[in-house]
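Q: I am new to this structure. Could you take me through how to read its features?
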Amino acid sequence: MFGYYLNLALRSFRRNRVLTALMVLAIALGIGACMTTLTVFRVLSGDPIPHKSDRLFYVQLDPASMQGYNPGEEPAGQVTRLDAEALLAEKRGLRQALMTGGGVSVTPGQEGLPPYLAGARYTSADFFPMFDTPMLYGNGWSAEQDQARARVAVLSKATNDRVFGGANSVGQQLRIDQADFTVVGVVDDWRPTPRFYDMYSDRYGELEEVFLPFTTSRDLEMGRSGSMDCWGDSQGDSTQPNAPCTWIQYWVELESPAAAGAYRDYLMNYSDQQRAAGRYERPSNVRLRNVMELLEHNRVVPNDVVMQLWLGFGFLLVCLLNTVGLLLAKFLRRSGEIGVRRALGASRSEIFKQCLVEAGTIGLAGGIIGLGLSLLGLWAVRQQPASYAELARLDPGMLLLTFLLAIAASVLAGLLPAWRAMQVAPALQLKSQ
Amino acid sequence: MLDMRQVAKVYRTELVETHALRSLDLHVGEGEFVAVTGPSGSGKTTFLNIAGLLETFTGGDYLLDGVNVKGLNDNQRSRLRNEKIGFIFQGFNLIPDLNLFDNCDVPLRYRRMPANERKIRIEEALSQVGLGSRLKHYPAELSGGQQQRAAIARALAGSPRLLLADEPTGNLDSQMARSVMELLEDINSRGTTIVMVTHDPELAARAQRNVHIVDGMATDLSVAPGLARAAHADIAAASAEA
Amino acid sequence: MEIRPILSTLMRHKTAAALIVLEIALTCAIICNALFMISDRVAQVQEVSGLVENELVRVQITSIGRDPDEDARTRSDLAALRALPGVKEATVVNQVPFVNSSWNSSIRLSQDQQRPTMTPTMYMAEERFLETFGLKLVAGRGFEADEFRDASAVMSGAGTGDVAAAIITRTMAERLFPGESAVGKTFYNGPDVLVRVVGVVEHLVRPSQMGGPTAREYSMIFPTRPHYNLGGNYVIRTDPERRQEVLDAAVRTLRANGTDRIILDENTMTFEELRDRFYQGPRSMAWLLGIVCVGLLVITALGIIGLASFWVQQRTKQIGVRRALGATKGQILAYFQTENFLLATIGIVLGMLAAYGINQVLMSKYELARLPAYYLPIGATALWLLGQVSVLGPARRAASVPPAIATRSV
């Protein structure tokens, strides 16, 4: 019977080309708008490190002076250099790393390649195993190299391609700022979306080009980037160890989500000790958030994207209402034929099924065109200068969802009209033409 | 075949109660050709709708081919209608989007018949009514008489036990009307029971038996055609006096 | 035109009528808010920055590693730039408008305040800052020669003891010292640096959108000469026609002044281009909203046309009877237009309520302002017009139904 109803639906479309085209177009527009905005939203709001995101925690402490203090308020978004180095030395987590952003000049050794400014991350040894960075060549550096302020560097694949032509550059020298560094590793294609480990840099941007040990970066007084928040006089150098400034991100990996409670207690103890030693003024106030909690708290998805998502849904809803009306008109216009079919033995449920098949077929056609429209929409998004623009692509899952959504939406829209159609009483229709 | 006992049908709205049928008794035996006559508003349309299971009734009993219709739900009535009854309407009621083959196909589809069986039956039915060469034609391409014959083929394709015809020649000129009536008589001679509603006494005379419905009740006029006309006048006079 | 019979006819076709009403209501609600957001974005894109944007170009530069002579190099850079043909003014500054990073500092009106009064942005200016940017003073004066310090000296804590001077914007002055002249007043920069206001400029936006729309012009200017490694911005003022020429010449000059520096080409451009890039987001959003509005109107129009056509077809016999009884074509037309007007009115009323509801949600979650009341009549008129125009086609078809239809029984 399904094949029969499909056949009938197609014939009906051929007879009412304009009306059918309008219905298909309406659904296509709604689906296109909805899928475009949904794809962008999904890309931006996903879990950047799903296999580990509940075991990675971001540390926040409250080291500022009492001035401006409000009980219960959120503590500083980053930690001071002193706190970061102290926590790192105590090693209470399974793995831990401090990090911040920076900018360095890279001077390739090859002729004809001018020096350029590269985005950098100054961090410690555990960064690479903690975040499971995929390595193309070599590895990260060791804790001993951190201690020794070794002049070692890990490059991104893009940098390696640009400077070394993509070859295995482990062991090679690279001039960074005014010093020579040895390459120990190259990171493979990695673009965590969003770049969760630093909420104060371009959250959806590309990976840093160069990774250097934090200790080395301070040794060489390399330029930093990101947000720096000072509450006191930093005596001219806000990056020195005792500066009253927060500018460093501190991440810890724990054995399991359940270990968070114990680690939080540890942070409270640490804060109490700092207050006892006269360094902290405020009551202990710590935060320990896992990856998704941090993203949620920082409202990582831009407001505009969320609003566009709601617009997409609103548009789809209006298109669906439209379809309900047009389907109602289409079915009831054929009351005569429905009456005949009922007289010839069709039960109400058969009429209902026939109408739903027709609605679903329109949905399928609308889904195909809607898919084309969303590809167009995503292309338009990719032309925007936003840093997340190039991530706006349809993946197989969303492709399938497009069709499912189109068919489900049109069948839903067809429920009311189909129900009304099946109520058509056979007796009345036959006499009055 | 068709056994109605004291069937009543009341239409109720908020303000008005209409008794379309009151205690209708009507029996049609297998293989009979019965004409149902009556003035307009007498309830013959209602009778036909009930006979064809297109409407429910409010009182009495109706047995169709031995099956008691009361208490059947919509699905069951649809099945019964599909398998046992063939309809012929005054306005033909062919589906304009479908060609003759597909029109005849409709009732067979609802019976979930396999494709080759449907093909055989349709081709046979259409050739029986003389339209075997026009399988692919659309209703709009045919004359009124041909359309009605196609509708009859549609009714026949399912081998119904009972044919219900509502003014089958009402929209046809006299020549086409004659050929349709001949077809109906031919079908009846092969054993199909036919109940035909008509207001034309000449057509009614071609049936074996007449039933007259007036004010929702039936009177049997199983007499010879010529006398039937006189009996009509008597009864009309009787009810006018009453 | 009798309203009651029209209404009672509609009540008998509740489903289709409800669909039209709902569609109009939803479209009205979305469009009212969308139009508001469009105007908000457009206002953003068109804001006054205070700068003579069409005369300015910016070069961004950084040194490779540390530069021990950065102050001296900055001075020689500026001298060379100012000597270029076509250059009217040139300056070095720590930040420029239309970028996403900025230097900010919390200030307080009194030293013992717990919470800061505000956190304006901080421009570090050298002698030709005001002239290069073309800022207009509306009170007080520019900086005097002896008020300038080198930024590197100030930041390394070679304490001054002098009261620092600052120029603030009019918006900031209004907020700090409402109703009074700000010139001569003081505030505390950070915990303990006392600052006196010496001048007020009409407009100067901060670099980014930090602080939201109210804080857009909370900017203060300090007479602390930056060197080129503090933000790395050289800003040059010239004639609009000579901008590209001057930009190219400036880049060549700066490159010639030492090979141990990198010019960031992707950030070196005219201010017009900088502003254009900065506002790409709001501009795209405004376009998107506009397209959505148009799309919604088209879809709603099609829906109305579809359902109205259906109704006309359903009531063909009835229309024929009316005509046979003496109705003119105009009266039939008016009937359908009135019917549509009624439906649109109900839809619009519901739509306005929904519009306010949506606006409340947007206000609380996305920092949008309250929908001004005048958007509602705009949305209402748009939808009334849309309805009337859409129903015109089917209504005219209804009006041309011949009266003879009344006598046909089949």
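A: Begin with a definition: helices and strands are DSSP runs, of at least four residues for a helix and at least two for a strand, numbered from the N terminus. Counted this way, chain C has 12 helices and 14 strands. Keep in mind throughout that this is a predicted model.

Q: How many helices and strands are there in chain A, and how many in chain B?
A: Chain A has 14 helices and 13 strands. In chain B the secondary structure comes to eight helices and 10 strands.

Q: What confidence does the predictor give the complex, and what is the mean pLDDT of chain B?
A: Where pLDDT is low, the predicted coordinates should not be read in detail. For the complex, the predictor gives an ipTM of 0.86 and a pTM of 0.85. The mean pLDDT of chain B is 84, with 91% of its residues at 70 or more. Chain C averages 89, and 97% of its residues score at least 70.

Q: Where in chain B is confidence lowest, and where is it highest?
A: The lowest confidence in chain B is in helix H8 (residues 225–241), with a mean of 52, and the highest is in helix H4 (residues 115–128), at 92.

Q: How do I read the radius of gyration of chain B against a compact globule?
A: The value of a chain is set beside the one that a compact globule with its number of residues would have. For the 242 residues of chain B, the globule would have a radius of gyration near 18 Å, and chain B has 18 Å, so the two agree. Its C-alpha trace spans about 55 × 40 × 35 Å along the principal axes.

Q: What radius of gyration does chain A have, and what does chain C have?
A: Chain A has 31 Å, whereas a compact globule of 433 residues would have a value near 22 Å. The box filled by the C-alpha atoms of chain A is roughly 95 × 60 × 35 Å along the principal axes. Chain C has 32 Å, against a value near 22 Å for a compact globule of 410 residues. Its C-alpha atoms fill a box of roughly 105 × 50 × 35 Å, again taken along the principal axes.

Q: How many residues does the contact take from chain A and from chain C?
A: It takes 42 residues from chain A and 41 from chain C. On the side of chain A that touches chain C, the elements giving two or more residues include helix H2 (17–45), strand S2 (95–107) and helix H10 (303–333) of chain A. H10(A) gives the most to this side, with 18 residues. By class, the residues of this side of chain A are 21 nonpolar, 15 polar and six charged.

Q: At what angle do H10(A) and helix H9 of chain C pack?
A: Two packed helices are described by the angle between their axes and the distance between the axes. H10(A) and H9(C), residues 280–314 of chain C, pack at about 10 degrees with their axes 9 Å apart. Angles under 35 degrees count as roughly parallel, and H10(A) and H9(C) are therefore roughly parallel to each other. Their contact has 14 nonpolar, nine polar and two charged residues.

Q: What is the order of the strands in the open sheet of chain B?
A: The order of its four strands is S2-S1-S4-S5, with antiparallel pairing. Strands S2 (17–28) and S5 (67–68) of chain B stand at the edges with a single partner strand each, so one side of each has no neighbour in the sheet. S1 (residues 2–12) and S4 (residues 59–64) of chain B pair in the antiparallel sense over five bridges. B:Asp3 stands opposite B:Leu63 in S4(B).

Q: Which peptide bond is cis, and where does A:Arg149 lie?
A: The bond from A:Thr193 to A:Pro194 is cis, with omega near 0 degrees. A:Pro194 is in the loop between strands S7 (179–187) and S8 (210–213) of chain A. A:Arg149 lies in the loop between helix H5 (143–147) and strand S5 (152–156) of chain A. Although A:Arg149 is not a glycine, it has a positive phi of about 50 degrees.

Methods: Residues numbered from 1 in each chain as written. Chains lettered and ligands numbered in written order. Predicted model: local features only at pLDDT ≥ 70, side-chain atom pairs only at ≥ 80, totals over all residues. Pairing = 2+ DSSP bridges. Contact = placed C-beta atoms within 7 Å. Nonpolar A, V, L, I, M, F, W, Y, C, P; charged D, E, K, R; others polar. Axes fitted to C-alpha atoms, helices over the stretch in contact; angles between N-to-C directions. Parallel < 35°, antiparallel > 145°, perpendicular 65-115°, else oblique. pLDDT = per-residue confidence, 0-100. Rg over C-alpha atoms; globule rule 2.2 N^0.38 Å.
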